Amino acid sequence: MAGKAPAGDPVQDAPEVSAPQHAAAGLPAIGHTLRIAQQQMGVRRTALTLLKVNQKDGFDCPGCAWPEPEHRHTAEFCENGAKAVAEEATLRRVTADFFAAHSVADLGRRSGYWLGQQGRLTQPMYLPDGAEHYEPVPWERAFEIVADELTGLAHPDEAVFYTSGRTSNEAAFLYQLFAREFGTNNLPDCSNMCHESSGSALAETIGIGKGSVLLEDLYRADLIIVAGQNPGTNHPRMLSALEKAKASGAKIVTVNPLPEAGLQRFKNPQTPKGLAGGGTPLADLFLQIRLGGDQALFRALNKALLEAEDQAPDTVLDHAFIARHTHGFQHYAAAARATDTDEVLRATGLPQSDIDRLLGMVLDAKSVIVCWAMGLTQHKHSVPTIKEVVNFLLLRGNIGRPGAGVCPVRGHSNVQGDRTMGIYEKPAPAFLDALEKEFGFAPPREHGLDTVAAIRALRDGDAKVFFAMGGNFVAASPDTDVTEAAMRRARLTVHVSTKLNRSHVVTGARALILPTLGRTEKDVQAAGEQFVTVEDSMGMVHASRGGLEPASPLLLSEPAIICRLARAVLGPRSRVPWQELEGDYDAVRDRISRVIPGFDDFNVKVRRPGGFTLPHAPRDSRSFPTATGLANFTAAPLEYPQVPEGRLLLQTLRSHDQYNTTIYGLDDRYRGIKGGRRVVLVNPDDAAALGFADGAYTDLVSEWTDGSERRAEGFRVVHYPTARGCAAAYYPETNVLVPLDHTADTSNTPASKSVVVRLEQTTPPGGSH
């Protein structure tokens, strides 16, 4: 939202800018956490709520999927986790009177930040065809509206059932069960937009699309490489694990186009040293790589390892592991040896001396872990990049032993669990067989729509109903104008939500908002008080129990919403005992235990404090359930973005006051940005070459090989120590620059981390609020 904003909605394109910080957390994080929490929840509610976050008898933080240690602090949460909890447990309420006072058109002019600040939704709301305002509707009528629309479709595949990663295991299992009994595999989810590239690469190379390490492995590693990830903002509790790994002797290397404060120095707020002292320097080496150059970096390392083995036979590679557990080594080795060094330096933007330093650290390390996030997964060549990481680990046997392995760090607190529960548009035949055996109906076998394909189907009129279990689909998706136009073509859009967001004001001909319980709240059903479960980023499953009274007596839990919807849509033809499953989540877990491998005795194991670990064949037994029965070396061509003269390569990223599309505030403290979000971070030398002073204003224009362009208006240029030729700006404001078809090969994930842009001078905004 550039320029003048509606009353009460702050302007976001005129920030104050100061030098970026070089340390994260410490006393400022504590102060900011308590200030935000008390503004939303009040003093007493803050204490009652935050002391239950991530505790064995409490609730799982909705802020990220980082695992909890066995021995937990009294305050086992981070600043951003506290913000997430505060916004859910807020005392602010959005009632029917609010919707009567604000038309959909008025709400559509508001920023996502303003919408989120209004508070918790309290009752079902309905937007009839042609209406200007949402109006309250009873739950029974809401389910009738959805049922009438779904049963009137020409085919079940005209419906799309989207899932956010904050959905519990129980809700996710019920949701996919309903969709498949209804007759479709159209189950896109937020993983399609983030770690789908990780799952695609890992499934082919090691046989399971999840990470292979546990938290304890970080403490046993000799070397940890953190690539394309900013733990200080996106997974702050990871910094505590890295600090502990450092104390145990690990070396830490960070690979990123941007210097990140948390990886430079961590002031642990749980320790006297972190509060009063200088904290812990984490990164032993920072490689400021060019955007999209990670495949070239790991390919260069692998070539160097092969050459080091030539010079000192039987001292570098793990030949026993390669011979016994891998496939394709000779073919890969030939491709790696042929890598052109000059091309590597062009792709990475790194001096050879930096690559040599990293190589020396690799050679000194017996156990290596590579962690990554969106900086690796959202490029056109993301899948081959992650495969190259796997090649790197396989060469020295760094999968399937302590202190070593792959560590894709997930964002949403249960995005991994959703996929485990069957939220996937391309289900495995074995999963469908188990579902059919357990419930007695034949689930559809044809693959469904992922996120990008779902938008295309809505755009083209092939999908008529969009149902979202959580999330903010419109703001999270690429190609904002195309996505919004596609949603408006739907006959009905439905969102199960806790708070307002942009997706509620970009509607189909009709729309429903169905308010649901949050993680922090008690869930009482027919069989008594319930709990749900989640799976963290490392395959640990544990219970989550809310303790607060619900924000409204009219809220339903996600499992209850799904079960009642299923009864309304499927009626007596259903083979599933939906009422029983709604009333007792133990009954849901019993069904899960018979359908999904690793969940036997689910109800017993999840009641153990801390939960249980799911099996992982590569980690547990060095067995690899791939097509070859072995871990696969892969030799993909070297790829990296090509940028014309006078252009920059843009990545989208989060601010520190942000979790995915939820904006908690308008500051990015560690990067020195205060009071605004419409900024573009540009290397001072690049800015000077392009004629942009610090504080100048620009439109960002993305350019594509088909000649098309997309424009994001009114961004303040901030001179910032990015990698040369690279720039960065926040999403969702820059999602408009990413075409729907600009996706990663194989995974179809939007490639938001490598967008060629030009900067066009524009006038500064006038005035501020």
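User: Contact means heavy atoms within 4.5 Å. With that in mind, which residues does Phe-161 touch, not counting residues up to four places away in sequence?

Analyst: Happy to help, and please keep in mind that this is a predicted model. Residues up to four places away in sequence are left out of the list. What remains for Phe-161 is Leu-150, Tyr-175, Phe-178, Ala-179, Phe-182, Thr-184, Asn-186, Leu-187, Pro-188 and Phe-467.

User: Which helix gives the most to the largest nonpolar core?

Analyst: In soluble globular proteins, nonpolar side chains tend to be buried together. Here the largest nonpolar core has 63 residues, and Leu-150, Phe-161, Phe-178 and Phe-467 touch the most other members. With nine residues, the top contributor to this core is helix α8 (residues 169-182).

User: How is α8 oriented relative to α23?

Analyst: Let's start with the axes of α8 and helix α23 (residues 429-439), which come within 12 Å and cross at roughly 85 degrees. Angles of 65 to 115 degrees fall in one class. That makes the orientation of α8 to α23 roughly perpendicular.

User: How many residues of the contact of α8 with α23 are nonpolar, polar and charged?

Analyst: From α8 come Phe-173, Gln-176, Leu-177 and Arg-180. They meet Phe-431, Leu-432, Leu-435 and Phe-439 in α23. Sorted by type, the residues of this contact are six nonpolar, one polar and one charged.

User: What is the order of the strands in the open sheet of three strands?

Analyst: We can build the sheet pair by pair. Strand β21 (residues 532-535) runs antiparallel to β22, joined by four bridges. β22 also pairs with strand β23 (residues 612-613), again in the antiparallel sense, over two bridges. Put together, the order is β21-β22-β23.

User: Which strands stand at the edges?

Analyst: A strand at the edge of this sheet has a single partner strand, so one side of it is left without a neighbour in the sheet. That description fits β21 and β23.

User: In β22, which residue is the bridge partner of Val-534?

Analyst: Several bridges involve β22, so it helps to follow each one. Val-532 has Ser-544 of β22 as its partner, while Val-541 is paired with Phe-612 in β23. For Val-534, the partner in β22 is His-542.

User: Which residue takes a positive phi in the hairpin of β21 and β22?

Analyst: This hairpin has four residues between the strands. One residue there has a phi near 80 degrees, and that residue is Gly-539.

User: At what angle does α8 run to β21?

Analyst: Helix α8 lies across both β21 and β22. Its angle to β21 is about 90 degrees.

Definitions and conventions
Residues numbered from 1 in each chain as written. Predicted model: local features only at pLDDT ≥ 70, side-chain atom pairs only at ≥ 80, totals over all residues. Heavy atoms only, no water. Core = buried A, V, L, I, M, F, W, Y, C linked by side-chain atoms within 4.5 Å. Buried < 20%, exposed > 50% of the residue type's maximum accessible area, 1.4 Å probe, protein only. Axes fitted to C-alpha atoms, helices over the stretch in contact; angles between N-to-C directions. Parallel < 35°, antiparallel > 145°, perpendicular 65-115°, else oblique. Nonpolar A, V, L, I, M, F, W, Y, C, P; charged D, E, K, R; others polar. Pairing = 2+ DSSP bridges.
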